[in-house]
Amino acid sequence: MIEYREIQTLGGGWSVEVRQSGALLGHIRKRPDTGAFAYYRGAANVLTASLESGDLADLKKQVEQKP
């Protein structure tokens with residue numbers, strides 16, 4: 001089961017940790033340039049978005065299909 005944990009980041013930013021069985025799979029962040037939500041696959045990945053959507057619920061569905 002995929003779990004989502006909202007966290008505060010440095011400078012007042014926003015991020016959602018994506019976890020499965022406690023293991024960190026990646027992060028969801030809102031892109032400041034487009035306002036879309038982007039999923040960054042991998043615990044250390046901060047540069048390359050794997051999935052993107054303007055709707056957070058839609059992005060979560062996409063992540064659950066391809067964690």
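## Exercises on a small predicted protein

With a relative accessible area of 57%, D33 counts as exposed, since the cut-off for that class is over 50%. Keep this residue in mind, as it returns in Exercise 2. The model you are looking at is predicted.

**Exercise 1. Find the order of helix and strands along the chain, and compare the radius of gyration with that of a compact globule.**

Step 1. Take stock of the elements: the protein has 1 helix and 5 strands.

Step 2. Walk from the N terminus, and the order reads β-β-β-β-β-α.

Step 3. Now turn to the dimensions. The C-alpha trace spans about 30 × 25 × 20 Å along its principal axes.

Step 4. For 67 residues, a compact globule would have a radius of gyration near 11 Å; the protein has 11 Å, so the two agree.

Step 5. Finish with the surface. The accessible surface comes to about 4,300 Å², and 53% of it belongs to carbon and sulfur atoms. Of the 67 residues, 28% count as buried.

**Exercise 2. Which salt bridges does R31 form with D33 and E52, and how accessible is R31?**

Step 1. Start from D33, the residue of the opening. Its side chain meets that of R31 in a salt bridge, at 2.8 Å from N to O.

Step 2. Look at the other partner, E52: the side chains of E52 and R31 also meet in a salt bridge, at 3.1 Å from N to O.

Step 3. Place this second pair in the fold. E52 belongs to strand β5 (residues 51-53), while R31 sits in the loop between β3 (23-30) and β4, so the pair ties together parts 21 residues apart in sequence.

Step 4. Compare the classes. R31 is partly exposed at 24% relative accessibility, E52 is partly exposed at 36%, and D33 is exposed at 57%.

**Exercise 3. Which residues are joined with R5 into one network of salt bridges, and are E17 and R19 buried or exposed?**

Step 1. Count first: the protein has 4 salt bridges.

Step 2. Pick out the pair of R19 and E17, whose closest N and O atoms are 3.0 Å apart.

Step 3. Check the cover. R19 has a relative accessible area of 16% and E17 one of 12%; buried means under 20%, so both residues are buried.

Step 4. Add the sharing of partners: salt bridges join R5, E17 and R19 into one network.

**Exercise 4. Describe the geometry of the aromatic pair of W14 and F37 and say what this pair ties together.**

Step 1. The count is 1 aromatic pair.

Step 2. Its rings, W14 and F37, have centres 5.8 Å apart and planes at 70°, and the arrangement is edge-to-face. That label follows because planes over 60 degrees apart count as edge-to-face.

Step 3. W14 lies in strand β2 (residues 13-20) and F37 in strand β4 (residues 37-41), so the pair ties together parts 23 residues apart in sequence.

Step 4. The two residues fall into separate classes: W14 is partly exposed at 26% relative accessibility, whereas F37 is buried at 13%.

**Exercise 5. Which residues lie over the faces of Y40 and Y4?**

Step 1. At Y40, the residue over the ring face is R29, 3.9 Å from the ring centre.

Step 2. At Y4, that place is taken by K60, 4.7 Å from the ring centre.

Conventions
Residues numbered from 1 in each chain as written. Predicted model: local features only at pLDDT ≥ 70, side-chain atom pairs only at ≥ 80, totals over all residues. Heavy atoms only, no water. Phe/Tyr/Trp six-rings, centres within 6.5 Å; stacked < 30°, edge-to-face > 60°. Helix = DSSP H or I, 4+ residues; strand = E, 2+ residues; numbered from the N terminus. Buried < 20%, exposed > 50% of the residue type's maximum accessible area, 1.4 Å probe, protein only. Lys NZ or Arg CZ within 6 Å of the ring centre and 35° of its normal. Rg over C-alpha atoms; globule rule 2.2 N^0.38 Å. Areas by Shrake-Rupley, 256 points an atom, 1.4 Å probe, with all protein chains shown as cover.
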